[in-house]
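Student: I have a structure open and would like to test the labels people attach to it. Could you take me through the reasoning, one label at a time?

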Amino acid sequence: MFRTLDDAIMVAPQIGVDAVAEAKALGVRLIINNRPEGESDDQVPGAAIEAAARAEGLDYVAIPVSHSGFSEPQVAAMRAALDGATGPVLAYCRSGTRSTLLWALAQSAKGEHPAVLAEKAARAGYDLAPVATLMDMLRARA
């Protein structure tokens, strides 16, 4: 269920409370929730994931991203979360796509090359084409 983008981050579709222990066993130190609350009736509430993460000694942050797109504050928050992580990160949303796209934007804002990021995302089964132009813009400002 977890897909590896690189040695610092994995992404996943919606996780359950039981997945937190699995993430910890894989060395994850931070869980990032990129899913807005109430997006679907079958979604596990972020508060339940946060409580499970804290009980396992993991950090947790919510950076919700709706289907309307990405904002600079979201990119900055993702970058800060990734930069502040004390070990591997697991980011999740409904399918893993928004988490992957937000990761790519945050990395582009640090100056990472979009082609390298696209290759990593593709190996995990994700396409960065929807944010390619934005990645180029963020990298140019880095």
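Student: To begin with, why is lysine 110 called partly exposed?

Tutor: Keep in mind that this is a predicted model. Lysine 110 has a relative accessible area of 37%. Buried means under 20% and exposed means over 50%, so lysine 110, at 37%, is partly exposed.

Student: What makes the contact between lysine 110 and aspartate 83 a salt bridge?

Tutor: The N to O distance between the two side chains is 3.0 Å. The cut-off is a Lys or Arg side-chain nitrogen within 4 Å of a carboxyl oxygen of Asp or Glu, so this pair qualifies. Lysine 110 sits in the loop between helix H4 (97-109) and helix H5 (114-123), while aspartate 83 belongs to helix H3, so the pair ties together parts that are 27 residues apart in sequence.

Student: Which residue of helix H3 also forms a salt bridge with aspartate 83?

Tutor: That is arginine 79, with the closest N and O atoms 3.7 Å apart. Both residues lie in helix H3, four residues apart, about one turn of the helix. Aspartate 83 has 45% relative accessibility and counts as partly exposed; arginine 79 is partly exposed as well, at 32%.

Student: How do you know that lysine 24 and glutamate 56 tie together parts that are apart in sequence?

Tutor: Their side chains meet in a salt bridge of 3.7 Å, N to O. Lysine 24 is in helix H1 (residues 17-25) and glutamate 56 is in the loop between helix H2 (46-55) and S4, so the bridge joins parts 32 residues apart in sequence. Lysine 24 has a relative accessible area of 36% and is partly exposed, and glutamate 56 is partly exposed at 30%.

Student: How many salt bridges does the rule give in total?

Tutor: The count comes to nine. Arg35, Glu39 and Arg98 are linked in a network of salt bridges.

Student: Now the sheet. What makes strand S1 and strand S4 the edge strands?

Tutor: Five strands form an open sheet in the order S1-S2-S5-S3-S4, with mixed pairing. Strand S1 (3-6) and strand S4 (59-62) each pair on one side only, and they are the edge strands. From one strand to the next, the twist averages 25°.

Student: How do you know that S3 and S4 count as paired?

Tutor: Strand S3 (residues 30-33) and S4 share four bridges, in the parallel sense. At least two bridges are needed for pairing, so these strands pass. Isoleucine 31 has tyrosine 60 in S4 as its bridge partner.

Student: Which helix lies across S3 and S4, and at what angle to S3?

Tutor: Helix H3 (residues 72-84) does; it lies across strand S2 (9-12), S3, S4 and strand S5 (89-92), running at about 170° to S3. In strand S4, valine 61 is in contact with Ala81, and also with Leu30, Ile31, Ile32 and Asn33, leaving aside neighbours within four places in sequence.

Student: Is valine 61 buried or partly exposed?

Tutor: Its relative accessibility is 26%. Buried means under 20%, so valine 61 misses that label and counts as partly exposed.

Student: Why is glutamine 43 called buried?

Tutor: Glutamine 43 has a relative accessible area of 10%, and the limit is under 20%, so it is buried. Its place is in the loop between S3 and H2. Not counting residues up to four places away in sequence, glutamine 43 touches Gln14, Arg35, Pro36, Glu37 and Gly38.

Student: What makes the radius of gyration agree with a compact globule?

Tutor: For 142 residues, a compact globule would have a radius near 14 Å, and the protein has 14 Å, so the two agree. Its C-alpha trace spans about 40 × 30 × 25 Å along the principal axes. Buried residues make up 44% of the 142 residues.

Student: What is the overall pattern along the sequence?

Tutor: There are six helices and five strands, and the pattern reads β-β-α-β-α-β-α-β-α-α-α. Among contacts with a separation of 6 or more, 73% come from residues 24 or more positions apart.

Conventions: Residues are numbered from 1 along each chain as its sequence is written. This is a predicted model: local features need pLDDT of at least 70, side-chain atom pairs count only at pLDDT 80 or more; totals for chains, interfaces and linings use all residues. Side-chain values use heavy atoms; hydrogens and water are left out. Helices (H or I, at least four residues) and strands (E, at least two) are DSSP runs, numbered from the N terminus. Axes are lines fitted to C-alpha atoms, for helices over the stretch in contact, and angles run from 0 to 180 degrees between N-to-C directions. Contact means heavy atoms within 4.5 Å. Buried means under 20% relative accessible area, exposed over 50%, partly exposed in between (1.4 Å probe, protein chains only). The radius of gyration is taken over C-alpha atoms; the globule rule is 2.2 Å times the number of residues to the power 0.38.
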